[in-house]
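Colleague: I have a structure in front of me and would like to learn how to read it. Could we go through its features in turn?

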Amino acid sequence: GGGGGYGGFEDDKAAGPPLGPYGYFKFESGVHRVQRVPVNDVRIHTSAASVAVLPAPGDSGANADLLPSSELRIETMRASGAGGQHVNTTDSAVRITHIPTGITAAIQDERSQHKNKAKAMKLISARVRDKVLADEAKERGDAKNALLGGGDRSERIRTYNYPQDRITDHRCKESEFGISKMLAGGTNEDGVVGAFSPFLRDMERKELLAALEEEERRNSRPEPKGKKKRK
């Protein structure tokens, strides 16, 4: 993909500046199920992948979105796996643990320990913030709102049924046909994300409106009058 795209996709009107990468992909969080028949079998095999889309802290250079260092344990180690001698002989890999929650983030993408640490800091900040928002949504009772509250990532959101050449989104109850064409569509309107996002954004708007109406109802209820004290 080009340098100006999101995750290898080119910028276009579907994923333009008003949405940004997180705004465009945020509804992809959840379990994606694939049903297919392998070439050496006649039975349908089912597999699944859990996807988490997290907003990254701002890249403006300010550290306001990052976690305080007092809550973090930072460890360095030698990177494992492919990468040649240099990767395996320097302590370039970084693992950061958020002590209050136990959430961790490990990065070994770069040869530079400094760059890996910066990436890990952003990743763990996003993960902790996501947990905080999910907990707050749960306390407010937003769990019933599949999109507004962030959804439950352990729930199946979409099925890719290859024998029927069909993709079904279980949140908006919509199906589209032509899996290969949709997967090749990138961020165009006929791509997987673009095909379902209008339905999901409409759901989000309705959930947000319902939440605002519920809050307005709660705020407009008269306070119960207290019982008069006996003299």
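Modeller: We will take the overall layout, then the sheets, one helix, an aromatic pair and a few loop residues. This is a predicted model, in which local features need pLDDT of at least 70 and side-chain atom pairs count only at pLDDT 80 or more, while totals for chains, interfaces and linings use all residues. Residues are numbered from 1 along each chain as its sequence is written, and side-chain values use heavy atoms, with hydrogens and water left out.

Colleague: How many helices and strands are there in the protein?

Modeller: Helices and strands are DSSP runs numbered from the N terminus: H or I of at least four residues for a helix, E of at least two for a strand. Here there are five helices and eight strands. Along the sequence they follow the pattern α-β-β-β-α-β-β-α-β-β-β-α-α.

Colleague: What share of the residues is buried?

Modeller: Buried means under 20% relative accessible area, exposed means over 50%, and partly exposed is in between, with a 1.4 Å probe and protein chains only. Of the 231 residues in the protein, 32% are buried. Contacts, meaning heavy atoms within 4.5 Å, can also be sorted by separation along the chain. Among contacts between residues at least 6 apart in sequence, 46% join residues at least 24 apart.

Colleague: In what order do the five strands of the open sheet stand?

Modeller: Two strands pair if DSSP finds at least two bridges between them. The five strands have the order β2-β1-β6-β7-β8, with mixed pairing. The edges are β2 (45-51) and β8 (174-177); each has a single partner strand, so one side of each lacks a neighbour in the sheet. From one strand to the next, the twist averages 15 degrees. Such angles run from 0 to 180 degrees between N-to-C directions, with axes fitted as lines to C-alpha atoms, for helices over the stretch in contact.

Colleague: Which way does β1 pair with β2, parallel or antiparallel?

Modeller: Strand β1 (residues 30-36) pairs with β2 in the antiparallel sense, over seven bridges. Within that pairing, H32 has A49 as its bridge partner in β2, and R36 has H45. With β6, β1 pairs in the parallel sense over five bridges. H32 stands opposite R158 in β6.

Colleague: Which three strands form the other open sheet?

Modeller: That sheet has the order β3-β4-β5, and its pairing is antiparallel. β3 (72-77) and β5 (103-107) are the edge strands, each pairing on one side only. The twist in this sheet averages 15 degrees from one strand to the next. β3 and strand β4 (residues 93-98) run antiparallel and are joined by six bridges. I74 stands opposite I96 in β4.

Colleague: How does one check the span of α5?

Modeller: The expected span of a helix is 1.5 Å times one less than its number of residues. For the 29 residues of α5 this gives 42 Å, and the end C-alpha atoms are 42 Å apart, which agrees. α5 also has a kink of about 35 degrees centred on P198. The bend at a residue is the angle between axes fitted to the seven residues ending there and the seven starting there.

Colleague: What do the buried residues of α5 pack against?

Modeller: They pack against α1 (20-25), β6, β7, β8 and α4 (179-183). Among the buried residues of α5 are V192, F196, L200 and E207.

Colleague: How is an aromatic pair described?

Modeller: One gives the distance of the ring centres and the angle of the planes. Rings of Phe, Tyr and Trp (its six-membered ring) pair if their centres lie within 6.5 Å; planes under 30 degrees apart are stacked, over 60 edge-to-face, and the rest tilted. The structure holds one such pair. The ring centres of Y24 and F25 are 4.9 Å apart and the planes are at 85 degrees, so the pair is edge-to-face. Y24 and F25 are both buried.

Colleague: Which sign of phi do most residues other than glycine have?

Modeller: Most of them have a negative phi. D165, in the loop between β6 and β7, has a positive phi of about 55 degrees. With a relative accessible area of 35%, D165 is partly exposed. K173 has a positive phi of about 60 degrees and sits in the loop between β7 and β8. K173 counts as exposed, at 65% relative accessibility.
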